[in-house]
Each structure stands twice: as C-alpha cells, then as structure tokens.
Amino acid sequence: MSYDDQNIFAKILRGEIPCDKVYEDEFSLAFRDINPQTPVHVLVIPKGRYVSLDDFTVKADREEIAGFFSAVGTVARELGVDESGYRVLANHGRDAHQEVPHFHVHIFAGRSMRGMVPKAPTE
Ligand code: 5GP
C-alpha cells in the first residue's frame, strides 16, 4: 500500500488541520484522539511518511525507529500515567481495522482496562 498524502494525519503534520498537541520532537508528534476511548487517549505518530507499523519497521532507519519508540515512553511519562499504567496499541491492516493510513500508536490510560482484545463475534 502506497502512502496517501491526503490522509488526516498527514494534514495534521502539515498544519492544515488542528490537533490538541501534547508532545513534539524531531521524529514524532503526539496529540489527543478526537474520539477518546479512555480518559487519556493520545496518538503518537512519526513525522515520516509510513502507512503502518509494518511499513515503518521495513523502511524507517534505526535512529527514526529508536527516536519514535523513545517518544512513546516520554509522552506517557509527560502525561503522568507511568505510575497508574497505560496500554499501547498499533493497528495494522484489515484484521486490526486500521482506519488512518499513517502509522500511529494509541496510548490508552486513566482507567482500568481488563481484557486484551475484544472477543470474536459469535454469529
Ligand atoms: P486506527 O483505527 O487507525 O488505529 O485509529 C485511528 C484513530 O484516529 C481513531 O481513534 C480516531 O478517533 C482518530 N482520529 C481520526 N481522525 C482524527 C482527527 O482528525 N484528529 C484526531 N485527533 N484523531 C483522529
């Protein structure tokens, strides 16, 4: 899948659409999810043009990958959720229902989260 420069996170990175920014550095931008699933729900995205986690880990250089994942930990600490706990999630592809085709990780926090993934539908 090739990168779509018109995806919503590309527009946020270019400043064409506003976001509630919580962190930014050389490699990464973090902002609050527009439709939060937990009291704290922040998205961390790399500044480079990567479709998904798969694309990122194939194409990004080591410095970019290290910088990005380091930023995820920094964001969690700056949000003050490192003591209470948080969950990090990245969706890739059809089965995970990734909606926005720019790699991002979700940081969920602020309440207890029991259960790793939703149960399979019974029908
Ligand atoms: P995915 O399913 O791709 O892992 O998650 C995409 C996330 O992006 C969703 O949680 C959705 O609420 C969030 N999102 C979609 N559009 C926007 C937007 O314009 N701004 C922000 N801040 N979040 C968005």
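**Notebook: Gln-6, the sheet and Ser-52**

I located Gln-6 in the segment before α1 (8-13). I note that the model is a predicted one. Leaving out residues up to four places away in sequence, I found that Gln-6 touches Lys-11 and Arg-14. I also looked up its separation from Pro-101: the two lie 95 residues apart in sequence, and their C-alpha atoms are 9.7 Å apart in space.

**Entry on the sheet**

I traced an open sheet of five strands with antiparallel pairing, in the order β1-β2-β3-β5-β4. Its edge strands are β1 (21-24) and β4 (86-89), each of which pairs on one side only. I recorded that neighbouring strands of this sheet are turned against each other by 20° on average, direction ignored.

I then examined the pairing of β1 with β2 (residues 28-32), which is antiparallel and runs over three bridges. For Tyr-23, I identified Ala-30 in β2 as the bridge partner. Helix α3 (residues 62-79) packs on the sheet and touches β1, β2, β3 (40-46), β4 and β5 (105-109). I noted that the direction of α3 makes about 155° with that of β3.

**Entry on Ser-52**

I placed Ser-52 in the loop between β3 and α2 (53-59). Is Ser-52 buried or exposed? Its relative accessible area is 3%, and because the cut-off for a buried residue is under 20%, I entered Ser-52 as buried. With residues up to four places away in sequence not counted, Ser-52 touches His-92, Gln-98 and Phe-103. For His-92, I found a polar contact between its side chain and the side chain of Ser-52, at 2.9 Å.

Note on methods. Residues are numbered from 1 along each chain as its sequence is written. This is a predicted model: local features need pLDDT of at least 70, side-chain atom pairs count only at pLDDT 80 or more; totals for chains, interfaces and linings use all residues. Side-chain values use heavy atoms; hydrogens and water are left out. Helices (H or I, at least four residues) and strands (E, at least two) are DSSP runs, numbered from the N terminus. Contact means heavy atoms within 4.5 Å. Two strands pair if DSSP finds at least two bridges between them. Axes are lines fitted to C-alpha atoms, for helices over the stretch in contact, and angles run from 0 to 180 degrees between N-to-C directions. Buried means under 20% relative accessible area, exposed over 50%, partly exposed in between (1.4 Å probe, protein chains only). A polar contact is a pair of N or O atoms within 3.5 Å; within protein, one must be able to donate a hydrogen and the other to accept it, and residues adjacent in sequence count only if both atoms are side-chain atoms.
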